[in-house]
Protein chains: 2
Amino acid sequence: MMLKLATNIKYYRKQYNWTQQQLANELAISRSVIAKWENGDVLPDLMALIKLSRLFNQTVDHLLGINSQTDQLLNDFQQFYQTNSENEPVIDENLLNTIDYLVKNPLLKEQIERLSHLSIKQQKAVQRILQTTLNEAERL
Amino acid sequence: MMLKLATNIKYYRKQYNWTQQQLANELAISRSVIAKWENGDVLPDLMALIKLSRLFNQTVDHLLGINSQTDQLLNDFQQFYQTNSENEPVIDENLLNTIDYLVKNPLLKEQIERLSHLSIKQQKAVQRILQTTLNEAERL
DNA sequence: GTAAAATGTTCTTATTAAGAACTAAAAGGA
DNA sequence: TCCTTTTAGTTCTTAATAAGAACATTTTAC
């Protein structure tokens with residue numbers, strides 16, 4: 001698994017114009033450990049990682065260089081909030097309405113969750129059935 | 001430092017209806033380790049944690065239960081929501097994931113929009129069919 | 001109530017990160 | 001340039017701790 005952690009630690013330390021010693025002091029650990037983190041020789045333990053994320057004001061995910069789905073989505077949200085009118089945001093009015101609908105229909109929300117846990121093939125099958133059902137219903 | 005990691009691992013494992021053994025298999029580790037994680041006896045190492053976040057579709061920050069941007073945004077969204085509608089919707093982490101899923105599945109999003117425009121009676125009928133379909137799919 | 005499954009616990013082993021001390025490389029000043 | 005000081009990299013040892021196996025307990029299903 002490719003982690004950007006080492007690079008990021010070094011990067012953010014320098015952003016703050018800290019020496020390894022200064023960072024080590026902040027974390028109350030020995031300096032050589034920082035060196036090893038930054039060179040990818042060793043991974044910090046969880047607690048140290050969390051402290052780092054606080055110090056650097058970054059999410060753990062970002063420090064690790066993981067671009068999780070949720071993070072991606074959050075970015076979209078943020079964009080939506082910040083730029084209300086520019087490029088068409090991923091989160092549009094329609095989606096907001098859909099979310100609203102989901103919020104008011106916990107059962108449906110749960111069903112979609114369940115759907116998302118199926119295999120891709122099964123998901124598609126279910127969606128085909130849903131499509132047919134909707135077509136039927138709309139004809140009435 | 002107070003971590004909600006143990007609780008969260010157990011919670012999301014159960015969300016997926018997995019036994020400790022099944023989760024252990026997914027991660028290719030021994031089951032007793034899962035038990036210890038869930039009881040807070042031991043912290044998973046970084047790589048295991050990342051795998052968990054992938055499996056559960058959650059940010060590492062959220063799994064850890066540390067005050068992350070995600071949680072912050074959730075609050076914002078909650079506020080945004082409450083000021084824009086009369087009901088008090090419950091926006092939780094799962095909803096975020098569901099939204100994410102919708103964003104990635106435009107067809108499904110459209111289907112839900114269509115569903116929302118049907119009469120209540122029809123909506124219920126469609127949902128019953130969906131329920132049955134999901135039950136079927138999950139049995140396989 | 002019993003059998004099977006799922007979970008919790010203990011003990012040992014193995015992994016690996018931390019720290020100290022040493023080495024090497026930059027940075028700064030005469 | 002040479003010297004000094006600061007900063008960073010490396011090695012070796014020690015200590016911490018997570019993983020696994022085996023066993024114990026609890027829960028679930030019949």
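Of the atoms of DNA strand D that come within 4 Å of the protein, 57% belong to sugar or phosphate, and the rest belong to bases. The structure is a predicted model, in which local features need pLDDT of at least 70 and side-chain atom pairs count only at pLDDT 80 or more, whereas totals for chains, interfaces and linings use all residues. Residues are numbered from 1 along each chain as its sequence is written, chains are lettered from A and ligands numbered from 1 in the order in which they are written, and side-chain values use heavy atoms, with hydrogens and water left out.

DNA strand D is surrounded by 19 residues, of which the closest are Arg13(A), Gln20(A), Arg31(A), Ser30(B) and Lys36(B); a residue is near a strand if one of its heavy atoms lies within 4 Å of it. By class, the surface near DNA strand D divides into 6 nonpolar, 6 polar and 7 charged residues, where Ala, Val, Leu, Ile, Met, Phe, Trp, Tyr, Cys and Pro count as nonpolar, Asp, Glu, Lys and Arg as charged, and the others, Gly among them, as polar. Polar contacts are pairs of N or O atoms within 3.5 Å; within protein, one atom must be able to donate a hydrogen and the other to accept it, and residues adjacent in sequence count only if both atoms are side-chain atoms. A polar backbone atom of Gln20(A) is 2.7 Å from a phosphate oxygen of DNA strand D, and a polar side-chain atom of Trp37(B) lies 3.2 Å from a phosphate oxygen of this strand. In addition, a backbone N or O atom of Leu43(B) lies 3.1 Å from a sugar or linking oxygen of DNA strand D. Two or more residues of the surface near this strand come from each of H1 and H3 of chain A and H3 of chain B; such helices are DSSP runs (H or I, at least four residues; strands are E, at least two), numbered from the N terminus.

Around DNA strand C there are 19 residues, and the closest are Ser30(A), Lys36(A), Arg13(B), Gln20(B) and Arg31(B). Sugar and phosphate make up 56% of the atoms of DNA strand C that come within 4 Å of the protein. A base nitrogen of this strand is 3.4 Å from an N or O atom in the side chain of Ser32(A), while a polar side-chain atom of Trp37(A) lies 3.1 Å from a phosphate oxygen of DNA strand C. The surface near DNA strand C has 6 nonpolar, 6 polar and 7 charged residues.

Within chain A, the axes of helix H1 (residues 5–15) and helix H4 (residues 46–56) come within 11 Å and cross at roughly 40°; axes are lines fitted to C-alpha atoms, for helices over the stretch in contact, and angles run from 0 to 180 degrees between N-to-C directions. H1(A) and H4(A) are therefore oblique to each other, given that angles under 35 degrees count as roughly parallel, over 145 as roughly antiparallel, 65 to 115 as roughly perpendicular and the rest as oblique. The contact (heavy atoms within 4.5 Å) is made by Leu5(A), Ile9(A), Tyr12(A) and Arg13(A) of H1(A) and by Leu49(A), Leu52(A) and Phe56(A) of H4(A). The residues of this contact comprise 6 nonpolar, no polar and 1 charged.
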